[in-house]
Amino acid sequence: MKESTVAHGDESVSLLERYWKGWISWGAAALALGQLSSGSAIAAERILFNYSILGRSISVRALETYARDGILTEDLVSYARFVNPKQMAQLREGLLQKVELSPVAVSQFLYSSPGELLLNRLSRLIQTRDGRGSFYALRSSLVLAAADPQGLTPLAILRQYPNSDVVVNVQEIVGLVDEVNRFLKQTDTVTQQIQTLSEAAPLSPAQRSILMQAKQSGPIEWQKFTLPFQDDTEKRLRYTRKVRQFAVDVYLPLTDRPRPLVVISHGLNSDRESYAYLAQHLASYGFAVAVPEHPGSNKQQLQSLLEGRGREVAEPIEFLDRPLDIQFLLDSLQSLAKTDERLQGRLDFDRAGIIGQSFGGYTSLAAAGAPLSFDNLLQNCGRELNTTLNISLALQCQALRLPSAQYQLADARIKAAIAINPIASGVFGPDSLAQIQVPVMVIAGSMDVVAPALPEQIQPFTQLKTLQRYLAVIQNSNHFSTIAPSSAEVEALPQIKGLEGPSPALAQSYVKVLSLLFMQRYLNSQQDNQILLSPAGAEALSQSPLPLSIVNALPDEGLVPDSVKPEDGEK
């Protein structure tokens, strides 16, 4: 991959690195245990760089010497004549770039659906000499390289490649760099135009004061307790053929009158603690908050994979289980409110809302009224899946393994919904999203390479028909910016630390304020909040390095392409 440094300038390289780090980041969050019993009787000796009919070879030994000692030897001397010193330094740094992952974790990830998607793409870039078996050769070298005493580095991958010659398809790399460059520039252009559309007259001092106060904790005390649920209802058994057990954290304001209820749905490989900061904030302003654990796509699911008890990051049935969790949670709380002294007279089920992130964003939109669209999945999950730059599509396309049916996943008690970094382009479509009739806010991060903003949030936003819709774009934030991992998560998976991008505290502050204002507006009918959920409100909140924009609509033409697919580039 680093060979693109030679062929292109720094801008293309940085864009490619940004995308590559996104794959690694998401892979680190989705790793699982597996075993691969393979040895490498033959190690790579030479790398052949092919571009059209031209070719040049470099020995792995020469690269090792240069990476270790900075000394140019053998055929690397002639190669260095074609590049400048800065690019050679980038090559040396890139060869030793280490990713802290265990062999078993790498192995199982590469056997998962997203891992195989990654391998399919990379095996077009790094190949055996005759092109046969490139996929399996690359998988073997990646796993063996993870066991290298010096760590998983590009140099270790080359050393462990199970053929004497490694062919680097420079023409394919050039195409990938250009493709990534086009897609990311397109995303940057659209998000910058949204920022321009978000310009507005400033708020009054009184309005600004209300907005700033919303950043602080509210005056209401609350208590937290956990409820165990077991769903063996006829609908769950009919849809999924299994009983579902899960826990729910309840944050209950200590007031006498019924309070509006907000459900928070965590994302893939996360848990109930990921948005505890948001639950606490809302509770301090008088909202009852229920945070369910989704056992088939949470942190414990990751642990099951690490222990060899699971096969996938999330099974397809999670696309049904998650919205069913929301329905059963609301049913159970309504029932408990009649008998549990803690809940009696404390919950208003006519004022319920939902907030979800990533897979939880899907859950939020499904609960709000968007049905699964198998027609849309079929259109998006063909052969193009092997060449897409949108890695969230690999997860979404797993839903095609479900029996095609009209699943009833919406809940009429949900009166407002927020979707943060949702995955939506495959599982929903224009007809699905048009069925949502409640107010919706979509929050996107411009640097999200897991669920890219353009196809997964901005385009779906334009397909919403509800009159109360908002698109909030946080520039420079990524898929992990608004998640607050627990100390246990960081300890179990140190790779999480640093994935959240610049200033995660600021991104989380935005989520607290926007969620509070939105739920106050649509669950409490606080009409004065309307002006705060506007371009003017975004401008007042916005801070460097994460500028914030809010729009209620986008132009019908000229801003968002009719069909946004990262793999299409500008074709």
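This is a short chat about how helices and strands are arranged in a predicted model.

Me: What kind of model is this, and how are residues numbered?
Reply: The model is predicted, so local features need pLDDT of at least 70 and side-chain atom pairs count only at pLDDT 80 or more, while totals for chains, interfaces and linings use all residues. Residues are numbered from 1 along each chain as its sequence is written, and side-chain values use heavy atoms, with hydrogens and water left out.

Me: OK, the sheet: what is the strand order in the open sheet of nine strands?
Reply: The order is β5-β6-β8-β7-β9-β10-β11-β12-β13, and the pairing is mixed; strands here are DSSP runs of E with at least two residues, helices are runs of H or I with at least four, and both are numbered from the N terminus. Two strands pair if DSSP finds at least two bridges between them.

Me: Which are the edge strands?
Reply: They are β5 (222–231) and β13, each of which pairs on one side only. Neighbouring strands of this sheet are turned against each other by 20 degrees on average, direction ignored, where axes are lines fitted to C-alpha atoms, for helices over the stretch in contact, and angles between N-to-C directions run from 0 to 180 degrees.

Me: Do β12 and β13 pair in the parallel or the antiparallel sense?
Reply: Strand β12 (residues 469–474) pairs with β13 in the antiparallel sense over four bridges, and Ala-472 stands opposite Ile-550 in β13. By contrast, strand β7 (residues 259–265) and strand β9 (residues 347–357) pair in the parallel sense over seven bridges, with Pro-260 opposite Asp-348 in β9.

Me: Back to β13, which of its residues are buried on each side?
Reply: In β13 (residues 548–551), Leu-548 and Ile-550 are buried on one side and Ser-549 and Val-551 on the other, so that both faces are covered. Buried means under 20% relative accessible area, exposed means over 50%, and partly exposed lies in between, with a 1.4 Å probe and protein chains only. In a regular strand the side chains alternate between the two faces of the sheet.

Me: Which helix lies across β12 and β13?
Reply: Helix α10 (residues 170–197) does, running at about 70 degrees to β13.

Me: And α20, how many of its residues are buried?
Reply: In helix α20 (residues 453–463), 10 of its 11 residues are buried, among them Leu-454, Ile-458 and Phe-461. The buried residues of α20 pack against α10, α18 (392–396), α19 (430–433), β11 (440–445), β12 and β13, with contact meaning heavy atoms within 4.5 Å.

Me: Changing topic, at what angle do α6 and α8 pack?
Reply: Helix α6 (residues 103–111) and helix α8 (residues 134–146) pack at an angle of about 160 degrees with their axes 7 Å apart, and they are therefore roughly antiparallel to each other. Angles over 145 degrees count as roughly antiparallel, under 35 as roughly parallel, 65 to 115 as roughly perpendicular, and the rest as oblique.

Me: Which residues make that contact?
Reply: Pro-103, Val-106, Ser-107, Leu-110 and Tyr-111 of α6 meet Arg-139, Leu-142, Val-143 and Ala-146 of α8.

Me: What about α15 and α16, how do their axes cross?
Reply: The axes of helix α15 (residues 318–336) and helix α16 (residues 359–368) come within 9 Å and cross at roughly 60 degrees, which makes α15 oblique to α16.

Me: Last one: is Gln-508 buried or exposed?
Reply: Gln-508, found in helix α22 (residues 504–523), counts as buried because its relative accessibility is 14%.
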